[in-house]
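Let's take a walk through a protein fold together. Keep the picture open beside you and look for each part as we come to it.

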Amino acid sequence: MDSVLQKVLPAEMRADGRVPGVAPLGAADWLRVDEAYAGQMAQKRARLAEWRDDVLFESARAGEAAREVLREALAVLPGLGFRVEGSRVTCPDGAVVDTGADSPLAVLGQLVQEDICILQKEGDEHMLTGAVLCFPAGWTLAEKAGRPLTRIHVPVASYDAGIAARVQRLFDGVQPGRPLWRNNWLRYDSAELYQPFSETDPPRAPVNPDTAPYVRAERQCILRLATSRAVIFSIHTWVVPAAAAAQS
């Protein structure tokens, strides 16, 4: 698919690639619309239409949480330039989405730029029980579906027992109406948004951070749903030319 680039990163995601820790977030600020909305949504809708099983996972357990996160999103969307009229939503790019015509996560995938993951507590860990993931960066949804956080992060060498415990405490502690966010910031050779990678694939050649032409940054938000108590992990992806990454 054609490359879709933003011009610059949001101010809080700029600088030199230093990644901030987890920070508090306004209750409605887990969704955003930027200048790449039309291009990103064209790709998301195409992938849902043509490769649905690759980008959408919905377990039976996630049903209540999926319906709840869609309701939460619909409450936020009018403030972002959407028109919500009953089950009919007119998006900023003019597309009209019927919220009753598909499953909740599939509908969200047609409405918002964010990829949405649902995590629910089973035993001592949160499990990935549902997701719409159209823009993976170095992972494959099918390999993570239904897995706990520790298993999801198995390929990440730095994800040791100490980090796993801290992440689990974070997921346990986040409260409704008080979401959190963090920033993931890496140099890439390709501007392609869909970059899955299997755990069984041979290692990729390392990217030279001094010459790679793009920065890919993910605004990752963590919020607790009040009724289902599920945790939502949302991912809004920016891809910008490397020279633009630090522009103020």
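Two strands are said to pair if DSSP finds at least two bridges between them. Helices (H or I, at least four residues) and strands (E, at least two) are DSSP runs, numbered from the N terminus. This is a predicted model, in which local features need pLDDT of at least 70 and side-chain atom pairs count only at pLDDT 80 or more, while totals for chains, interfaces and linings use all residues. Residues are numbered from 1 along each chain as its sequence is written, and side-chain values use heavy atoms, with hydrogens and water left out.

Let's begin with strand 3 and strand 4 (residues 88–90), which pair in the antiparallel sense over 3 bridges. One bridge to look for joins V84 to V89 in strand 4. These strands belong to an open sheet of 3 strands, ordered 3-4-5, with antiparallel pairing. Strand 3 (83–85) and strand 5 (96–98) are its edge strands, and each pairs on one side only. On average, neighbouring strands here are turned by 20 degrees against each other, direction ignored.

Now find the other open sheet, whose 7 strands run in the order 1-8-9-10-6-7-2 with antiparallel pairing. Strand 1 (23–24) and strand 2 (56–58) are at the edges with a single partner strand each, so one side of each has no neighbour in the sheet. Strand 1 pairs with strand 8 (residues 180–188) over 2 bridges, in the antiparallel sense. There, P24 stands opposite L180 in strand 8. Helix 4 packs on this sheet and touches strand 2, strand 6 (115–122) and strand 7 (125–132). Contact means heavy atoms within 4.5 Å.

Helix 4 has helix partners as well. How do helix 3 and helix 4 lie relative to each other? The axes of helix 3 (residues 63–76) and helix 4 (residues 104–111) come within 8 Å and cross at roughly 30 degrees; axes are lines fitted to C-alpha atoms, for helices over the stretch in contact, and angles run from 0 to 180 degrees between N-to-C directions. The two helices are therefore roughly parallel (angles under 35 degrees count as roughly parallel, over 145 as roughly antiparallel, 65 to 115 as roughly perpendicular and the rest as oblique). Among the residues making this contact are A66 and L70 of helix 3 and L105 and L108 of helix 4.

Helix 1 packs against helix 4 too, at an angle of about 150 degrees and with the axes 8 Å apart. Y37 and M41 of helix 1 take part, as do A106 and L111 of helix 4, among others.

Y37 has another role to notice. The centres of the Y37 and F82 rings are 5.9 Å apart and their planes stand at 85 degrees, so this pair is edge-to-face. Rings of Phe, Tyr and Trp (its six-membered ring) pair if their centres lie within 6.5 Å, and planes under 30 degrees apart count as stacked, over 60 as edge-to-face and the rest as tilted. The pair links distant parts of the chain, 45 residues apart: Y37 is in helix 1 (residues 37–50), and F82 is in the loop between helix 3 and strand 3.
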